[in-house]
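Please open the structure in your viewer and keep the selection tool at hand. The tour goes from one selection to the next and says at each stop what can be found there.

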Amino acid sequence: MKYTPSKQVKDAINNNRPVLALESTIIASGMPYPQNKEFYNKAVEICYNLDVVPAAIAIINGVVHVGLDQNQAEHIATDDSVNKISKREIGVCVQGGLSGATTVSSASHIANAVGIKVFSTGGIGGVHKDYKSTLDMSQDLYSLSETPLVVVCSGVKSFLDVEKTIESLETLGVTLLGYKTSNFPLFYSSSSNFALPFSVDNVEDVVSVFKCNLESGLRSSLLVLNPVHKSDQIPAKTINKIISKSISKMKLNKIVGKETTPFLLKNIAKQTKNKSLETNISLALNNVRLGAKIAKSF
Ligand code: PSU
Ligand code: MN
C-alpha cells in the first residue's frame with residue numbers, strides 16, 4: 001500500500017526538515033463544527049510560525065494522505081460519512097475507496113512508515129472504566145508499544161480508567177516522560193495523584209531520551225505528558241462529577257462501541273456550557289506547539 005504525502009511533507013522529509021504529524025479523529029469527531037476547523041487552522045498556523053510542516057493524516061476516497069489541504073480538512077471536519085479508522089482498519093478503508101479519520105493508532109503507524117518522528121494529539125485512548133465486563137481497551141496502547149515515535153499528549157481520554165491505563169502502558173513498554181510535570185495529567189485537569197517517575201523541562205532532553213531509547217533498541221513510543229495550562233483547566237472534582245453523570249446517561253441510552261466517545265464528549269460539553277471544548281482546544285494546541293518545538297529540535 002502506498003501512502004501519499006503532500007509535496008510539502010515529502011520535501012520536508014527528504015530534506016530532513018521538521019514535520020509534525022497530527023491525527024484527524026480529533027477533527028472529525030473530537031470537536032463539533034466549526035470549532036474543529038478553527039482548531040485545525042490554528043494548529044497549522046502554530047506549525048508554520050515555528051517553521052515546522054504540519055502533517056495531518058486522513059484517508060480520503062481510499063487514498064492515505066499525509067498533510068491535508070483546506071478542502072481535504074473541510075471534508076474531514078464536516079462529512080458525516082467519514083469513518084473512524086484505527087490501525088487495523090487502514091486496509092479495508094483503502095480497499096473500499098472510503099474516507100476515514102485516523103486515531104492515534106493509525107496516525108502514528110502511518111507517520112512512522114513515512115519517516116516522521118513526532119506526533120501530537122489531545123488525549124490517547126486507553127483502558128475503559130468497565131474493562132472487566134467489556135474488555136474495551138484502545139488499540140492506541142498496542143500501537144504505542146510497537147511504533148518508535150515521540151507522542152505528545154495531555155493524558156488519556158477523560159472518561160477512561162487512568163490508573164489501569166498507566167499500568168497497561170508499563171506492561172506494554174511505553175516510556176512515560178512528564179514535560180514540566182511530575183504527575184500524570186488528567187486531560188481537562190493539569191495534575192493528579194499519579195506520580196510520573198521521570199520528567200524533563202526542555203525539548204532537547206525529550207529528543208535525547210528518545211535517541212537513547214532508539215539506541216538501546218526500543219521500538220516503542222516515548223509518550224510525553226504535557227498538562228493543560230492551569231488557567232484553562234477544569235478542576236478534577238468538578239469534571240469528575242460531570243463525567244460520572246454523562247456515563248450514567250450513556251448507559252441509560254444503551255450507547256456502546258464507537259458511539260461512546262462522541263456521545264460523552266457532547267454531553268460533557270453541554271453540562272460544562274462548552275468549557276470542556278475550550279479546554280480541549282487549549283490543550284490540543286499546546287501539544288501542537290510542544291510537538292513542533294520537539295520536531296525542530298531533532
Ligand atoms: N481523546 C479525546 N477525543 C477523541 C480521541 C481521544 O478526548 O476523540 C480519539 C483519538 O483519536 C484516539 C481515539 O486515538 O479517540 C481512541 O479511540 P478508541 O478508544 O475507540 O480506541
Ligand atoms: Mn475502544
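Begin by selecting Phe263, which, once its neighbours within four places in sequence are left aside, is in contact with Ser246, Lys249, Met250, Asn253 and Ile255. Bear in mind from this first stop onward that what is on the screen is a predicted model. Phe263 belongs to helix α12, which covers residues 260–271. If you add Met250 to the selection, you will have a pair that stands 13 residues apart in sequence, while the distance from C-alpha to C-alpha is 7.3 Å.

Stay in the same helix and move to Thr260, which also lies in α12. Is Thr260 buried or exposed? Its relative accessibility is 11%, and Thr260 therefore counts as buried, since the limit for a buried residue is under 20%. Show its side chain and follow it to the backbone oxygen of Gly257, which the side chain reaches at 2.8 Å. Apart from residues up to four places away in sequence, Thr260 touches Met250 and Ile255, and both of these residues also appear in the list of contacts of Phe263.

Next, select Lys254, whose place is in the loop between α11 (236–252) and α12. With a relative accessible area of 71%, Lys254 is exposed, because exposed means over 50%. Its backbone deserves a look as well, since phi of Lys254 is near 55°, a positive value in a residue that is not glycine. Most residues other than glycine have a negative phi, and most peptide bonds are trans.

Two further stops concern the backbone in the same way. Leu135 sits in the loop between α7 (131–134) and α8 (139–145), and here too phi is positive in a residue other than glycine, with a value near 60°. Leu135 counts as exposed, because its relative accessibility is 60%. Then go to Pro34, in the loop between α2 (25–28) and α3 (35–49), and display the peptide bond that leads to it from Tyr33: this bond is cis, with omega near 5°.

Now turn to the strands, and select β11, which consists of residues 222–225. Which way do its side chains point? Leu222 and Val224 point one way from the strand, Leu223 and Leu225 point the other way, and all of them are buried. On β11, find the parallel pairing with strand β8 (residues 150–153), which is made over four bridges; within it, Val152 stands opposite Val224, and Cys153 stands opposite Leu225. Strand β9 (residues 175–179) is likewise joined to β11 by four bridges and runs parallel to it, with Leu177 opposite Val224. Val224 is thus a useful residue to keep highlighted, as it has Val152 of one pairing and Leu177 of the other standing opposite.

From there, shift the selection to β8 itself, where both faces are covered: Val150 and Val152 on one side are buried, and so are Val151 and Cys153 on the other. Strand β7 (residues 118–120) pairs with β8 in the parallel sense over three bridges, and in this pairing Val118 stands opposite Val150.

A short detour leads to helix α13 (residues 275–297), where Asn286 has its place. Asn286 is buried, because its relative accessible area is 10%. Which residue shares a polar contact with the side chain of Asn286? Select His229, whose side chain is joined to that of Asn286 by a polar contact of 3.4 Å. Leaving aside neighbours within four places in sequence, Asn286 is in contact with Asn226, Pro227 and His229.

Finish the tour at ligand 1, which is surrounded by 14 residues, the closest being Glu23, Lys84, Val104, Ser138 and Asp140. If you colour this shell by residue type, it divides into three nonpolar, seven polar and four charged residues. Three distances can then be traced one after another. An N or O atom in the side chain of Glu23 is 2.7 Å from an oxygen atom of the ligand, a backbone N or O atom of Gly123 lies 3.2 Å from a nitrogen atom of the ligand, and a polar side-chain atom of Lys157 lies 3.2 Å from an oxygen atom of the ligand. Taken alone, ligand 1 exposes 480 Å², and the protein buries 89% of that area.

Methods:
Residues numbered from 1 in each chain as written. Chains lettered and ligands numbered in written order. Predicted model: local features only at pLDDT ≥ 70, side-chain atom pairs only at ≥ 80, totals over all residues. Heavy atoms only, no water. Near = heavy atom within 4 Å. Polar contact = N/O pair within 3.5 Å; in protein donor to acceptor, adjacent residues only side chain to side chain. Areas by Shrake-Rupley, 256 points an atom, 1.4 Å probe, with all protein chains shown as cover. Nonpolar A, V, L, I, M, F, W, Y, C, P; charged D, E, K, R; others polar. Buried < 20%, exposed > 50% of the residue type's maximum accessible area, 1.4 Å probe, protein only. Helix = DSSP H or I, 4+ residues; strand = E, 2+ residues; numbered from the N terminus. Pairing = 2+ DSSP bridges. Contact = heavy atoms within 4.5 Å.
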